[in-house]
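Trainee: I have a model open and would like a close look at one part of it. Could you take me through the greasy stretch on the surface, and then what surrounds it?

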Amino acid sequence: MKKFLEFVKKNKYYIIMFFTIFIISCLAPLNGDDWGNYNPDTTLMWSISDAIRSYLSYESRIVSRVLINILCYHKILWNILNSLAFVTIYWSLIKFFNIKDNLGYKLIGIIMLLLPCAMIGQMYTWVTGSITYLFPTALILGYCAYSLKVLKKNSIKNIPFLVIINLIGALFIDHCGVALIFINIFLIINYYHKNKKIPIHIFILLLLSICSLLIAYFSPGSSNRLAGSSEFANLSFFEKIFSNYDNFLDYIYAANPILALLMLVPINYLIFQKIKRNKGAVE
């Protein structure tokens with residue numbers, strides 16, 4: 001009992017955040033194309049078969065499709081996984097900013113909950129949307145925070161969790177695979193800078209993330225979907241990125257001014273703490 005109480009005290013903010021999102025998830029009804037993916041007769045094997053059919057016909061998101069098929073019907077499972085995904089993002093941000101005090105925990109939590117209603121509806125309470133966008137976000141941020149802790153020994157056997165993420169990342173959504181590749185490149189550079197040698201274990205993770213992205217990128221389903229928008233399909237890789245630049249700015253700043261403003265709080269807090277530590281070291 002004592003250990004349990006110590007665990008609750010140590011992780012109280014994560015527990016509060018989990019149950020907050022869990023309650024919201026339980027109250028949120030199925031909406032949009034959740035109903036199109038709702039199948040009372042769904043099974044794991046049928047979900048996998050349907051994901052393969054989708055891969056060959058109109059999309060590359062095999063992992064997302066399997067989860068969507070299962071969780072739209074078994075929503076209680078989604079309620080739990082959605083809450084865990086949210087907490088994973090929360091934990092990752094705490095680790096990135098090296099938050100140690102209660103104020104920091106509260107600020108990060110408030111910031112995560114102050115999204116506009118449209119974004120909350122698409123990210124937190126929409127089953128299909130959260131699996132497609134929130135789950136991969138949790139994977140990416142969790143991967144960053146977790147890998148910085150465990151990628152120290154030059155042995156792939158010590159990081160099976162990271163291997164799985166790199167194998168399935170791009171099969172959630174293509175963008176996830178791109179992010180994983182850049183993260184792995186950064187980790188290789190960072191490791192080499194500190195140890196003056198190429199980290200074979202991270203290099204293997206990079207190869208896995210590249211293979212996963214190639215499987216997603218060259219899926220027949222992706223080609224069929226792009227064929228429906230020939231103008232966009234004919235753009236180069238960088239032209240596709242810049243064509244969505246306005247949408248990126250709109251979602252980050254114009255559609256979410258409160259969050260953009262609050263982002264300055266932890267950023268300035270981190271800078272202040274860095275200056276304070278450097279000043280103390282000089283003295």
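Mentor: Happy to; we will begin with the nonpolar surface patch and then visit some other helices and loops. Do keep in mind that this is a predicted model.

Ten names are worth selecting in your viewer: Tyr192, Ile198, Ile200, Phe203, Ile204, Leu207, Ile210, Leu214, Tyr217 and Phe218 make a nonpolar surface patch of about 950 Å². Which helix gives the most to this patch? That is α11, residues 200-217, with seven residues. A bit of helix geometry is handy here: an α-helix has 3.6 residues a turn, so residues three or four places apart point the same way. With that in mind, try looking along α11 and follow the patch members, including Phe203, Leu207, Ile210 and Leu214.

Let us pause at one of them. Phe203 is found in helix α11, and its relative accessible area is 37%. Patch residues need over 30%, while partly exposed covers the range between the buried limit of under 20% and the exposed limit of over 50%. Phe203 is therefore classed as partly exposed.

Now step back to the loop between α10 (174-195) and α11, where you will find Lys196. Phi of Lys196 is near 60°, which is a positive value in a residue other than glycine. Is Lys196 buried or exposed? With a relative accessible area of 60%, Lys196 is exposed.

Phe172 offers a contrast, in the loop between α9 (160-168) and α10. Its relative accessible area is 5%, so Phe172 is buried. From Phe172 to Met119 the C-alpha distance is 19 Å, with their positions 53 residues apart in sequence.

For a covered helix, turn to α4, residues 62-71: eight of its 10 residues are buried. Those are Val63, Ser64, Arg65, Val66, Ile68, Asn69, Ile70 and Leu71.

Finally, here is a helix pair to set beside these. The axes of α2 (residues 12-27) and α6 (residues 102-113) come within 11 Å and cross at roughly 20°. Angles under 35 degrees count as roughly parallel, and α2 and α6 are therefore roughly parallel to each other. Their crossing is right-handed. On α6 sits Leu107, which is partly exposed, with a relative accessible area of 26%. The C-alpha atoms of Leu107 and Phe22 are separated by 20 Å, and the two residues are 85 residues apart along the chain.

Conventions. Residues numbered from 1 in each chain as written. Predicted model: local features only at pLDDT ≥ 70, side-chain atom pairs only at ≥ 80, totals over all residues. Heavy atoms only, no water. Patch = residues over 30% accessible without salt bridge, like charges linked within 9 Å, V, L, I, M, F, W, Y side chains within 5 Å. Areas by Shrake-Rupley, 256 points an atom, 1.4 Å probe, with all protein chains shown as cover. Salt bridge = Lys/Arg side-chain N within 4 Å of Asp/Glu carboxyl O. Helix = DSSP H or I, 4+ residues; strand = E, 2+ residues; numbered from the N terminus. Buried < 20%, exposed > 50% of the residue type's maximum accessible area, 1.4 Å probe, protein only. Axes fitted to C-alpha atoms, helices over the stretch in contact; angles between N-to-C directions. Parallel < 35°, antiparallel > 145°, perpendicular 65-115°, else oblique. Left-handed = near helix turned anticlockwise from the far one by under 90°.
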